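Work through the exercises below with the sequence and the structure at hand. Each task is followed by a solution in steps.

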Amino acid sequence: MSIMSNAKRALAIAAASATLFSMAACGSSSAASSGKIEVVASINQWGSVAEDLGGSNVEVTNIMAKTNVEAHDYEPTSQDVAKFGTAKVAVVNGADYDPWATKAAKSTKATLVTAAETTGIKEGDNPHVWFSAKVRSSTADAITAAYQKADPSHKDDYAKLNKDWHAKEDQLESKIKETSAKTEGLPYAATESVAWYLADDLKMTDATPKGYAQASANESEPTPADIKDFQDTLKAGSIKMLVFNSQEATSTTDQITGAAKDASVPIVELTEQMPKQYTNLLDWMSALVDQFAAAVK
C-alpha cells in the first residue's frame with residue numbers, strides 16, 4: 001500500500017465521521033421495524049459469521065463484499081457510513097484494516113465487536129485475522145455476547161447458534177490439524193502475508209525472501225534486487241509453495257508468479273474478501289485448506 005493509499009484512507013476516515021454525524025438522525029431501518037437486531041459488518045467474511053450466529057433474529061448488512069476492490073484502499077460511500085447510525089451491533093476487523101468502519105461505529109450507540117482485539121492483535125500486527133482459528137472463535141463469542149446484550153429475550157437461541165457454529169469451527173480445525181501432518185515445516189513464500197495466520201495454523205514455515213517480505217510489511221515497493229532474489233529463490237527449489245493474493249495483483253506479482261510457474265512451484269491463489277461462491281467464512285476456509293493440501297507435492 002503506497003503513501004497515496006494511506007492518504008486516501010485518512011480522507012476516508014474523516015469522511016466517515018462527517019457523514020455519520022450528518023446522517024445519524026435519518027429514518028429508521030427495516031430491521032428495527034421487524035424486531036430484528038440490525039447488524040453492520042465492515043467486511044463480508046465477518047458478516048457471514050454474524051449471520052450464522054444470529055439466525056432469523058438478525059439482519060446483517062455487509063459493507064465490503066467484492067473481491068475486485070483493493071480492501072486496504074476502500075473508500076466508503078455516504079450510504080455505507082450511514083448504515084452504522086442505526087445499527088445495534090457493529091462488527092469490524094480492526095488492526096487498522098478498516099479504520100473508517102471503526103471510526104464510524106465508535107460514533108454510534110452500537111455495541112462494537114472488533115475481531116482483532118478479541119485476541120489482543122493490534123495496529124501494526126498482521127490484520128488478516130479471519131484466517132486465524134483463534135480469532136474466529138473469540139470473535140464468534142464476542143458477537144454472541146453482543147446479541148444477548150441487545151436482545152436478552154432470545155439469549156438461549158443465541159447460545160444454541162453459538163454452539164452450532166463452534167461445532168463447525170471444530171470440524172474445520174480438525175481438518176487443519178489433519179492437513180498439518182502434510183504441511184508441517186513446509187517452506188512457503190507469499191506475494192503478500194494475507195494468509196499468514198492460516199499457514200501458521202498449518203504449521204508451515206514462511207520462507208519469503210527477507211528483502212521482499214520487509215518491503216511488503218512496510219507497505220513499500222520491493223527493489224529490483226528484492227524481486228530478483230525472490231525469483232532466484234523460487235528457481236533454486238527451496239520454496240515448495242507460493243501463496244498469491246490475486247486481489248492485490250501487480251506487475252511485480254506477475255514477475256513472482258511467473259517465476260513460480262517456470263520453476264513448477266505450486267501456487268495457492270486466494271483473495272482477501274470472501275468470494276461470492278461461498279456463503280460463510282468457515283466453508284471458505286475449509287476450501288482454502290483443501291487448496292493448501294492439494295498443493296503439497
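**Exercise 1. The second largest pocket**

Task: state how much space lies in the second largest pocket of this predicted model, which residues line the pocket, and how the residues of the lining divide by character.

Solution. Step 1: the volume comes to about 180 Å³. Step 2: the lining consists of Gly-94, Ala-95, Asp-96, Pro-99, Thr-102, Lys-103, Lys-106, Thr-114, Glu-117, Ile-121, Lys-122 and Glu-123. Step 3: helix H5 (residues 99-106) gives the largest share of this lining, 4 residues. Step 4: sorted by character, the lining has 6 charged, 3 polar and 3 nonpolar residues.

**Exercise 2. Helix H3**

Task: decide whether helix H3 (residues 44-54) is largely enclosed or not, and name what its buried residues pack against.

Solution. Step 1: a residue is buried when its relative accessible area is under 20%. Step 2: in H3 the buried residues are Asn-44, Gln-45, Trp-46, Gly-47, Ser-48, Val-49, Ala-50, Leu-53 and Gly-54. Step 3: that is 9 of the 11 residues, so the rest of the structure largely encloses H3. Step 4: the packing partners are strands S1 (37-43), S2 (58-64) and S3 (89-92), together with helices H6 (133-150), H7 (155-183) and H12 (281-294). Step 5: after H3 comes Gly-55, with a positive phi near 55°.

**Exercise 3. An aromatic pair**

Task: classify the ring pair of Tyr-97 and Trp-130, and locate both residues in the chain.

Solution. Step 1: the structure holds 8 aromatic pairs. Step 2: in the pair of Tyr-97 and Trp-130, the centres are 5.1 Å apart and the planes make an angle of 65°. Step 3: planes over 60 degrees apart count as edge-to-face, and this pair is edge-to-face. Step 4: Tyr-97 sits in the loop between S3 and H5, while Trp-130 sits in the loop between strand S4 (111-114) and H6; the two are 33 residues apart, and the pair links distant parts of the chain. Step 5: both Tyr-97 and Trp-130 are buried. Step 6: ring pairs join Tyr-97, Trp-130, Phe-131 and Trp-284 into a cluster.

**Exercise 4. The nonpolar cores**

Task: find which residues have the most contacts inside the largest nonpolar core, and list the contacts of Trp-46.

Solution. Step 1: the largest core has 68 residues, and Trp-46, Phe-131 and Tyr-147 have the most contacts inside it. Step 2: H12 supplies the largest share of this core, 7 residues. Step 3: with neighbours within four places in sequence left aside, Trp-46 is in contact with Ala-41, Val-91, Asn-93, Ala-115, Val-129, Trp-130, Val-135, Arg-136, Thr-139 and Leu-281. Step 4: apart from the largest core lies another core of 11 residues, including Ala-189, Ile-227, Ile-239 and Ala-260.

**Exercise 5. Positive phi outside glycine**

Task: place Lys-203 and Ser-264 in the chain, and give the phi of Lys-203 and of Ser-264.

Solution. Step 1: most residues other than glycine have a negative phi. Step 2: Lys-203 has a positive phi near 65°; its place is the loop between helix H8 (196-201) and strand S6 (205-206). Step 3: Ser-264 has a positive phi near 60° and lies in the loop between helix H11 (251-262) and strand S8 (267-270). Step 4: Lys-203 is partly exposed, at 44% relative accessible area, and Ser-264 is partly exposed at 47%.

Conventions:
Residues are numbered from 1 along each chain as its sequence is written. This is a predicted model: local features need pLDDT of at least 70, side-chain atom pairs count only at pLDDT 80 or more; totals for chains, interfaces and linings use all residues. Side-chain values use heavy atoms; hydrogens and water are left out. Buried means under 20% relative accessible area, exposed over 50%, partly exposed in between (1.4 Å probe, protein chains only). Contact means heavy atoms within 4.5 Å. On a 1 Å grid over the protein atoms alone, a cavity is a set of points where a 1.4 Å probe fits but cannot get out, and a pocket is an open set with protein on both sides within 12 Å along at least five of seven lines; lining residues have an atom within 4 Å of a point. Grid points are joined across faces, edges and corners, and a volume is the space filled by probe spheres set on the points. Ala, Val, Leu, Ile, Met, Phe, Trp, Tyr, Cys and Pro count as nonpolar, Asp, Glu, Lys and Arg as charged, and the others, Gly among them, as polar. Rings of Phe, Tyr and Trp (its six-membered ring) pair if their centres lie within 6.5 Å; planes under 30 degrees apart count as stacked, over 60 as edge-to-face and the rest as tilted. A nonpolar core is a set of buried Ala, Val, Leu, Ile, Met, Phe, Trp, Tyr and Cys residues joined through side-chain atoms within 4.5 Å.
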